[in-house]
Structures are given as C-alpha cells and as structure tokens.
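I opened a fresh page for this one and kept my notes short. Here is what I looked up, entry by entry.

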Amino acid sequence: MLLGGGGLAAVKLWPDATAAGPTPTSALTVSSAPTSAAAPSPAASSARPTPTSTPDSEAAEAALVGCQFKVRAADKVLEQARTGVLHWATHVQAQTDANSSKITVTAMKGKFTKTRLAGPADQKRYADALSAYSKLDGSCNSVKGADSATDDALADCKDRAEDQKPVLAAAANGMKDWRTHLAAMQRSKEGHVDDAQGVWIAAWRAAPPHINAYKKAAKDFEDAPSC
C-alpha cells in the first residue's frame with residue numbers, strides 16, 4: 001500500500017552458494033664372467049645431496065603459509081558479505097523504486113520476499129566465515145631468513161591485508177543493518193512490533209550511507225594485489 005504524507009510505498013514486513021625418456025646408450029665392454037655387486041666406497045656413500053634449506057628459510061616459508069591462510073580467510077568473509085549486502089541493497093532499492101513508480105507495489109513485494117528469504121542464510125554464511133577468520137593469527141610481516149621470492153610474496157599479502165580492512169569494516173556495517181532488519185521482520189511476524197511500517201521506513205532511510213560506503217570500498221579493493 002502507499003504511505004500517506006511522503007508518498008512512500010511500503011508493506012507490512014513479514015519474514016516469508018619429468019617423465020624420463022629412454023636413456024641413450026653407449027658402447028660398453030662387458031666381461032663374460034659373472035661379477036658380484038661391489039660395495040659402495042666410503043667416498044660414494046658420503047656423496048649425498050645436502051639440504052639447501054635452513055631453519056630460518058623454513059620458518060619464513062611457514063610464515064608465508066600462515067599469512068596466506070589469514071588473508072584468504074578474509075577474502076572468504078568478503079565473498080559472503082558481498083552476497084548479503086547485495087540482497088540488503090536490493091531490498092532497500094525496491095522501496096526506492098516503488099516510491100518513484102519505477103516498479104509496481106506488487107514488484108516491490110516480490111523483491112522484498114525474495115531477499116528476505118535469502119537473508120538468514122546470508123547471515124549464517126557470513127558469521128561462519130567471520131568466525132573462521134577470527135581464529136587465525138597468521139602475520140604477513142617480513143621474516144628473517146626469507147629468500148627474495150618469499151619476501152615479495154609476504155609483501156604482496158601484507159598489502160592485500162591492508163586493503164581488506166576498509167572493505168571488512170564497511171561490510172560489517174552493511175551486514176549489521178541487514179541483520180537488524182531481519183530481526184525486526186521476525187518480531188513483526190510474532191506481533192512484537194506495533195508500527196512495522198514505521199520501523200521499516202526508518203531503516204530504509206538510514207540504509208544508503210552504509211550500502212554506498214560498502215560499494216565504494218569493494219570497488220577500490222578490485223586493485224588490491226593477489227596473495
């Protein structure tokens with residue numbers, strides 16, 4: 001239905017993803033008499049490859065692995081947040097488009113229903129990814145003994161981790177707004193909200209700054225180095 005006063009279209013909020021090839025042969029002189037296998041000489045026995053790694057280089061490699069796990073776990077959080085904030089933005093935009101007669105009230109209700117039904121799963125996937133990320137303590141700081149390739153990889157990962165921070169913060173705000181609205185719809189269904197339309201319109205008006213901040217942060221993050 002249409003709201004009076006501001007001409008806002010709204011509805012009562014109900015909560016309704018190397019193989020070796022043949023070895024060249026050379027002419028060999030072979031004795032016809034059988035011979036027994038000779039024991040390897042002490043010199044031959046000692047001629048074994050010596051390890052090239054050092055405790056420091058092994059620690060650097062381990063540090064890189066821990067760093068990559070942490071950064072990639074943050075990427076997973078951002079992946080789940082992207083889906084959730086998109087659904088929230090679509091939910092909000094449906095009201096905006098109905099107000100300006102770009103879509104019908106029926107179309108608005110359809111968008112409300114589709115995104116609302118996706119909301120709880122959005123929140124669970126995001127919360128699970130965030131929990132997994134928070135349990136990791138990898139660091140991307142430079143490590144003593146790292147070779148140039150490992151040191152460069154750590155530096156790239158550290159840059160990506162820094163670039164993730166504003167997106168993670170913006171995503172947290174958007175997902176919190178979505179979570180709050182989902183909870184309000186549930187309370188409305190249970191009869192605990194006296195003015196469901198008023199609660200929704202207040203949430204709709206407050207939503208754009210967080211949604212727009214997330215979109216900008218996500219766009220800026222597209223240039224982040226890989227890890």
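**Entry 1: the fold**

How many helices and how many strands does the protein have? I found six helices and zero strands. I note at once that this is a predicted model. Reading from the N terminus, I wrote the order of elements down as α-α-α-α-α-α.

**Entry 2: surface and burial**

I then looked up the totals for the protein. Its accessible surface comes to about 14100 Å², and carbon and sulfur atoms account for 57% of that area. Of the 227 residues, 31% are buried.

**Entry 3: the disulfides**

Next I went to the cysteines. A disulfide is a covalent bond between the sulfur atoms of two cysteines. How many disulfides does the count come to? I get two.

I started with Cys67 and Cys140, which are joined with an S to S distance of 2.0 Å. The torsion about their S-S bond is about 95°, so I put this disulfide down as right-handed. The pair links distant parts of the chain: Cys67 sits in helix α2 (residues 55–99), while Cys140 is in the loop between α3 (105–134) and α4, and 73 residues separate them. Are Cys67 and Cys140 buried or exposed? Both of them are buried.

The other bond joins Cys157 and Cys227, with the sulfur atoms 1.9 Å apart. Here too I read a torsion of about 95° around the S-S bond, so the Cys157 to Cys227 disulfide is right-handed. Cys157 belongs to helix α4 and Cys227 to the segment after α6 (208–221), so this bond ties together parts that lie 70 residues apart in sequence. Cys157 has a relative accessibility of 1%, so I list Cys157 as buried.

Counting the bonded cysteines along the chain, I noted the pattern as 1-2, 3-4.

**Entry 4: salt bridges**

Side chains of opposite charge can pair when their charged atoms come close. How many salt bridges does the structure hold? It holds seven, and I wrote up three of them.

In helix α2, I looked at Glu79 and Lys76, whose side chains meet in a salt bridge with an N to O distance of 3.8 Å. These two residues are three apart in α2, about one turn of the helix. Glu79 has a relative accessible area of 35%, so I count Glu79 as partly exposed. Lys76 is also partly exposed, because its relative accessible area is 40%.

In helix α3, the side chains of Lys124 and Asp128 form a salt bridge at 2.8 Å, N to O. Lys124 and Asp128 are four residues apart in α3, so about one helical turn separates them. Is Lys124 buried or exposed? Its relative accessibility is 53%, and the cut-off for exposed is over 50%, so Lys124 counts as exposed. Asp128 comes to 42%, so I recorded Asp128 as partly exposed.

In helix α6, Asp220 and Lys216 meet through their side chains in a salt bridge of 2.9 Å, N to O. They are four residues apart in α6, again about one turn of the helix. Asp220 is partly exposed, with a relative accessible area of 47%, whereas Lys216 is exposed at 53%.

**Entry 5: the negative patch**

Which residues form the negative surface patch? My list reads Glu61, Asp147, Asp152, Asp156, Asp159, Asp163 and Asp223. Which helix gives the most to the negative patch? That is helix α4 (residues 148–189), with four residues. I picked Asp159 for a closer look and placed it in helix α4. Asp159 has 42% relative accessibility, so it counts as partly exposed.

**Entry 6: a backbone angle**

I saved one backbone angle for the end of the page. Ser101 is not a glycine, yet it has a positive phi of about 65°. Where does Ser101 lie? I found Ser101 in the loop between α2 and α3. With a relative accessibility of 62%, Ser101 counts as exposed.

Notes:
Residues numbered from 1 in each chain as written. Predicted model: local features only at pLDDT ≥ 70, side-chain atom pairs only at ≥ 80, totals over all residues. Heavy atoms only, no water. Patch = residues over 30% accessible without salt bridge, like charges linked within 9 Å, V, L, I, M, F, W, Y side chains within 5 Å. Areas by Shrake-Rupley, 256 points an atom, 1.4 Å probe, with all protein chains shown as cover. Salt bridge = Lys/Arg side-chain N within 4 Å of Asp/Glu carboxyl O. Lys, Arg positive; Asp, Glu negative; His and termini not counted. Charge placed at Lys NZ, Arg CZ, Asp CG, Glu CD. Buried < 20%, exposed > 50% of the residue type's maximum accessible area, 1.4 Å probe, protein only. Disulfide = S-S within 2.5 Å.
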